[in-house]
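Reader: Got a model open here and want to talk through its fold. Can you take me through it?

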Amino acid sequence: MKTNALTPEQIIQYNKDGYLIIKNLFSKAEVDKMYAIAMKDDSIAKNALDLNDQTGKKTKLSLWFTPGNDIFGYLTRSERIVNKIHQLLDSTAPICHFHSKLMQKEPKVGGAWEWHQDYGYWYKNQFMFPDQLISVMVALTPANKQNGCLQVIKGSHKLGRVNHGFAGEQVGADITMVNNALKTMELVYVEIEPGDALLFHSNILHRSEANLSDKPRWSIISCYNSQSNLAYNETSTAWTQAIDVVPDEAILEWENESLRAADFLKKEHDPALKETGWEE
Ligand SMILES: O=C(O)CCC(=O)C(=O)O
């Protein structure tokens with residue numbers, strides 16, 4: 001078994017539920033370092049995008065494509081994540097990184113995310129195989145009901161892709177299908193602690209509510225595809241390159257660069273935004 005491998009039971013659970021929580025995937029020292037850099041590296045703040053939810057509350061994120069030699073590149077490229085992804089994606093091809101985003105849900109003002117499937121967006125990029133797309137959320141602060149943690153509908157990845165349309169500035173799933181799913185499937189609030197990770201299938205229905213608490217909710221979400229999963233309508237290129245995997249100790253022990261050189265997504269009329277589904 002490779003280092004950091006998932007157990008057969010965890011793989012069965014992911015396939016059944018469409019998500020898997022791994023407690024303490026990152027240590028306190030690693031999270032403290034990542035959170036400090038997230039707040040201090042001014043390229044993250046400079047490249048933050050505001051998305052309005054339906055009530056006009058803003059949710060903030062900074063998104064980049066190529067995982068570099070910065071602290072979040074080391075997280076994204078870490079053996080402990082990539083080995084697990086390899087076990088979960090329905091392909092033996094190398095793993096690539098589509099994009100990562102630093103989610104910054106500020107106290108009182110951080111907005112909601114409408115119900116959606118990530119493949120509801122990525123279908124527009126013409127990725128072929130939803131079973132070869134996965135996201136990994138790592139909590140940098142506690143995430144709970146009070147500060148708008150992620151909610152998932154357990155097992156909803158089995159529905160296949162449902163239609164998506166505009167909901168405020170965001171793209172949301174067909175609410176009739178969401179409500180039908182909620183009649184028979186369990187709604188789960190993913191309450192996690194700093195360093196815990198949530199791995200979730202591209203077709204799982206998920207959302208989050210506004211952060212009405214006085215505590216921030218920050219997390220990093222990295223999205224991966226198998227190299228065999230081609231996207232015929234995507235201009236970024238990281239998703240075509242096998243990840244250059246780094247050892248787990250890179251986060252604490254390796255020199256890390258600033259994210260200044262990262263290929264951030266820009267809001268102003270950037271065609272890439274169209275490709276994320278956030279701009280038509
Ligand atoms: O972090 C959140 O609150 C929601 C993020 C999300 O739904 C997504 O990135 O697809």
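Reader: Start with strand 2. How does strand 2 pair with strand 3?
Author: Strand 2 and strand 3, residues 58–64, pair in the antiparallel sense over four bridges. Strands here are DSSP runs of E of at least two residues, helices are runs of H or I of at least four, and both are numbered from the N terminus. Two strands pair if DSSP finds at least two bridges between them.

Reader: What is the bridge partner of Leu51 in strand 3?
Author: Thr59 is the bridge partner of Leu51 there.

Reader: Before we go on, what sort of model is this, and how is it numbered?
Author: It is a predicted model: local features need pLDDT of at least 70, side-chain atom pairs count only at pLDDT 80 or more, and totals for chains, interfaces and linings use all residues. Residues are numbered from 1 along each chain as its sequence is written.

Reader: Back to the sheet. What is the strand order of the seven-stranded one?
Author: The order is 1-11-6-13-4-3-2. The sheet is open, with antiparallel pairing.

Reader: Which strands stand at its edges?
Author: Strand 1 (19–22) and strand 2 (49–52). Each has a single partner strand, so one side of each is left without a neighbour in the sheet.

Reader: And the twist, what does it average?
Author: The twist averages 25 degrees from one strand to the next. Axes are lines fitted to C-alpha atoms, for helices over the stretch in contact, and angles run from 0 to 180 degrees between N-to-C directions.

Reader: Asn52 caught my eye. Where is Asn52 found?
Author: Asn52 is in strand 2.

Reader: Why is Asn52 classed as partly exposed?
Author: Because it has 13 other C-beta atoms within 10 Å. Buried takes 20 or more other C-beta atoms within 10 Å of the residue's own, exposed is 12 or fewer, and partly exposed lies in between, with C-beta atoms placed from the backbone.

Reader: How far apart are the C-alpha atoms of Asn52 and Gly110?
Author: They are separated by 9.5 Å. Along the chain the two residues are 58 residues apart.

Reader: Now strand 13. Why is strand 13 called largely enclosed?
Author: Strand 13 covers residues 217–226, and nine of its 10 residues are buried, so the rest of the structure largely encloses it.

Reader: How many bridges join strand 4 to strand 13?
Author: 10 bridges join strand 13 to strand 4 (residues 95–105), and the two run antiparallel. Cys96 stands opposite Asn225 in strand 13.

Reader: How many bridges join strand 6 to strand 13?
Author: Seven, and strand 6 (residues 133–139) also runs antiparallel to strand 13. Val138 has Ile220 of strand 13 as its bridge partner.

Reader: What about strand 6 and strand 11, how many bridges there?
Author: Five bridges, again antiparallel. Met137 is opposite Leu198 in strand 11.

Reader: Strand 6 itself: how many of its residues are buried?
Author: Seven of its seven residues. Leu133, Ser135, Met137 and Ala139 point one way, while Ile134, Val136 and Val138 point the other way.

Reader: Any helix on that side of things? Which elements do the buried residues of helix 5 pack against?
Author: They pack against helix 1 (8–17), helix 4 (71–76), strand 4, strand 6, strand 11 (197–201) and strand 13. Contact means C-beta atoms, placed from the backbone, within 7 Å. Helix 5 is residues 79–88, and its buried residues are Ile81, Val82, Lys84, Ile85, His86 and Leu88.

Reader: Switching to the other sheet. What order do its four strands take?
Author: The order is 5-12-7-10, in an open sheet with antiparallel pairing. Strand 5 (113–116) and strand 10 (187–189) are at the edges, each with a single partner strand, so one side of each lacks a neighbour in the sheet.

Reader: How many bridges pair strand 7 with strand 12?
Author: Three, in the antiparallel sense, with strand 7 at residues 150–153. Val152 has His206 of strand 12 as its bridge partner.

Reader: Ligand next. Which residues are around the ligand?
Author: Met103, Trp113, Asp118, Leu150, His206, Ser208, Ser219 and Ile221. A residue counts as near if its C-beta atom, placed from the backbone, lies within 6 Å. Strand 12 (206–208) and strand 13 are the elements that give two or more residues to this shell.

Reader: Last one. How many helices and strands does the protein have?
Author: Nine helices and 13 strands. Buried residues make up 48% of the 280 residues.

Methods
Two residues are in contact if their C-beta atoms, placed from the backbone, lie within 7 Å.
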